[in-house]
Amino acid sequence: MIGNRALGSIIVAAIVLGASTAFADPTAADQTLAQTLFDEGVKLMDQGRFADACPKLAESQRLDPGGGTLLNLGFCRQNEGKLASAWAAYNEALSQAIKDGRKDRESQARDAVGKLDGRLAKLAVDVTDAARKIDGLEIRIDGTPVRQAAWGVLAPIDRGVHGIVVSAPLKKEYRTSIEVTEDGTTQHVSIPALENAPIVIDRTRGAGTEKAPRGQLIVGWITVAVGVGALGVGIGSGIAALDQKSKADALCNFPGNTCPKDGIDTNERAKTYAWISDFGIGIGAAAVIGGVVLVLTSPKAPVHVVPTVSTNGAGASVFARF
């Protein structure tokens, strides 16, 4: 059974040190770089440059984990003013020392943890009942997930401003922040129910699969345009045919139905225009009807509905890395 203290240690370790992961065996290159970073970090601590030293020690621990590195990282964080991070590092060093059977380090780590216990600022993430009912609710503090088991639990946190982001599928993202100004204080942040995300129509997806339907639509409109043009030619030719027929009748209005050459030529032009008119109107009407059918029967682009998802120093002490 895990006690409250152990649970708090797990929570803060996840927040201030990052979620724990299973490390592969370090390579020789990893070990060399880890030792170099460790040595540099110790030098920087000796110079009082803790803000520069702590990231080097943390990276050394990531490359090649060691109980000594954890003790130094805790010491560095403590002098940097990040007591929660120091407390988490000391707790992890304590667990490692027990595992390794190192009574000396176990005593050092246990003593360091005890001295920090009453000085830690703590934060509880209180999730409302309405928010708890939301499927897939995710809460992050400074980018690190706060799992459901940690909701409502007071966990150590460093001084400073901490960003909180709450998200869930099909919901608006909720952002907030909280500032911890003093060690030893307790704060709560309440997580409300999230609003539904707005729904937008996205017709841009699946463009590659919509080429065929779009092609039919284009062909349909081109056919309609050709048909309209043919109808225009047919109607214009029909008007010209009527005009030429009228002129031919006037020229050929002689006794005995005789017709001069000009009248015969005009009459032939009238027949030609009439033929063009019949052909143009017939072809144009067919093209317009066919084009309209193509347009009306072309498959429509699929509509995708997608949500848019829119707030003290400590005494000098340096340990061996391993």
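How are H4 and H5 oriented to each other, roughly parallel or roughly antiparallel? The legends below take up this pairing and then move along the chain. The model is predicted.

**View 1. Helices H4 and H5 pack against each other.**
Two packed helices are described by the angle between their axes and the distance between the axes. Here the axes of H4 and H5 come within 8 Å. They cross at roughly 160 degrees. Angles over 145 degrees count as roughly antiparallel, so H4 and H5 are roughly antiparallel to each other. Their crossing is left-handed. On the H4 side, the residues that meet H5 include Gly67, Leu70, Leu71 and Gly74. On the H5 side, the residues that meet H4 include Leu83, Ala89, Tyr90 and Gln96.

**View 2. Arg77 is a buried residue of H4.**
Helix H4 covers residues 67–80, and Arg77 is one of them. Is Arg77 buried or exposed? Arg77 has 15% relative accessibility. Buried means under 20%, so Arg77 counts as buried. Beyond its neighbours within four places in sequence, Arg77 is in contact with Cys54, Ala58, Lys82, Ser85 and Ala86. Ser85 and Ala86 are also among the H5 residues that meet H4. Asp158 is 81 residues away from Arg77 along the chain, yet their C-alpha atoms are separated by 9.9 Å.

**View 3. The largest nonpolar core holds 25 residues.**
Which members touch the most other members? They are Met45, Leu57, Cys76, Tyr90 and Leu116. Five helices give two or more residues each to this core: H2 (28–46), H3 (50–63), H4, H5 (83–100) and H6 (103–116). H5 supplies the largest share, seven residues. A second core, separate from this one, has 21 residues. Ile141, Trp151, Val180 and Ile191 are among them.

**View 4. Met45 and its contacts.**
Met45 belongs to the largest nonpolar core. Leaving out residues up to four places away in sequence, Met45 touches Phe50, Ala53, Leu57, Asn72, Phe75 and Cys76. Two of these partners, Leu57 and Cys76, are listed with Met45 among the core residues that touch the most other members.

**View 5. Strand S1 pairs with S4 and with S7.**
Three strands form an open sheet in the order S4-S1-S7. The pairing is mixed. S4 (155–156) and S7 (186–191) are the edge strands, each pairing on one side only. S1 spans residues 122–127 and runs parallel to S7, with six bridges between them. S1 and S4 run antiparallel, joined by two bridges. Leu123 has a bridge partner in each neighbour: Ala155 in S4 and Gln187 in S7. Val127 stands opposite Ile191 in S7. Ile191 also belongs to the second core.

**View 6. Strand S2 has a covered face and an uncovered face.**
In a regular strand the side chains alternate between the two faces of the sheet. S2 spans residues 138–141. Which S2 residues lie on the covered face? Ile139 and Ile141 do, while Glu138 and Arg140 lie on the uncovered one. Ile141 is also a member of the second core. S2 and S5 (residues 160–167) run antiparallel and are joined by four bridges. Arg140 has Val165 as its bridge partner in S5. S2 also pairs with S3 (residues 144–145) in the antiparallel sense, over two bridges. There, Ile141 stands opposite Thr144.

**View 7. Two loop residues have a positive phi.**
Most residues other than glycine have a negative phi, and most peptide bonds are trans. Asp142 is not a glycine, but its phi is positive, about 55 degrees. Where is Asp142 found? Asp142 sits in the loop between S2 and S3. This hairpin has two residues between its strands. With 43% relative accessibility, Asp142 counts as partly exposed. Leu170 also has a positive phi, near 65 degrees. Leu170 lies in the loop between S5 and S6 (174–180). Its relative accessible area is 54%. Exposed means over 50%, so Leu170 is exposed.

Note on methods
Residues are numbered from 1 along each chain as its sequence is written. This is a predicted model: local features need pLDDT of at least 70, side-chain atom pairs count only at pLDDT 80 or more; totals for chains, interfaces and linings use all residues. Side-chain values use heavy atoms; hydrogens and water are left out. Buried means under 20% relative accessible area, exposed over 50%, partly exposed in between (1.4 Å probe, protein chains only). Contact means heavy atoms within 4.5 Å. A nonpolar core is a set of buried Ala, Val, Leu, Ile, Met, Phe, Trp, Tyr and Cys residues joined through side-chain atoms within 4.5 Å. Two strands pair if DSSP finds at least two bridges between them. Axes are lines fitted to C-alpha atoms, for helices over the stretch in contact, and angles run from 0 to 180 degrees between N-to-C directions. Angles under 35 degrees count as roughly parallel, over 145 as roughly antiparallel, 65 to 115 as roughly perpendicular and the rest as oblique. A crossing is left-handed if the near helix is turned anticlockwise from the far one by less than a right angle, and right-handed if clockwise.
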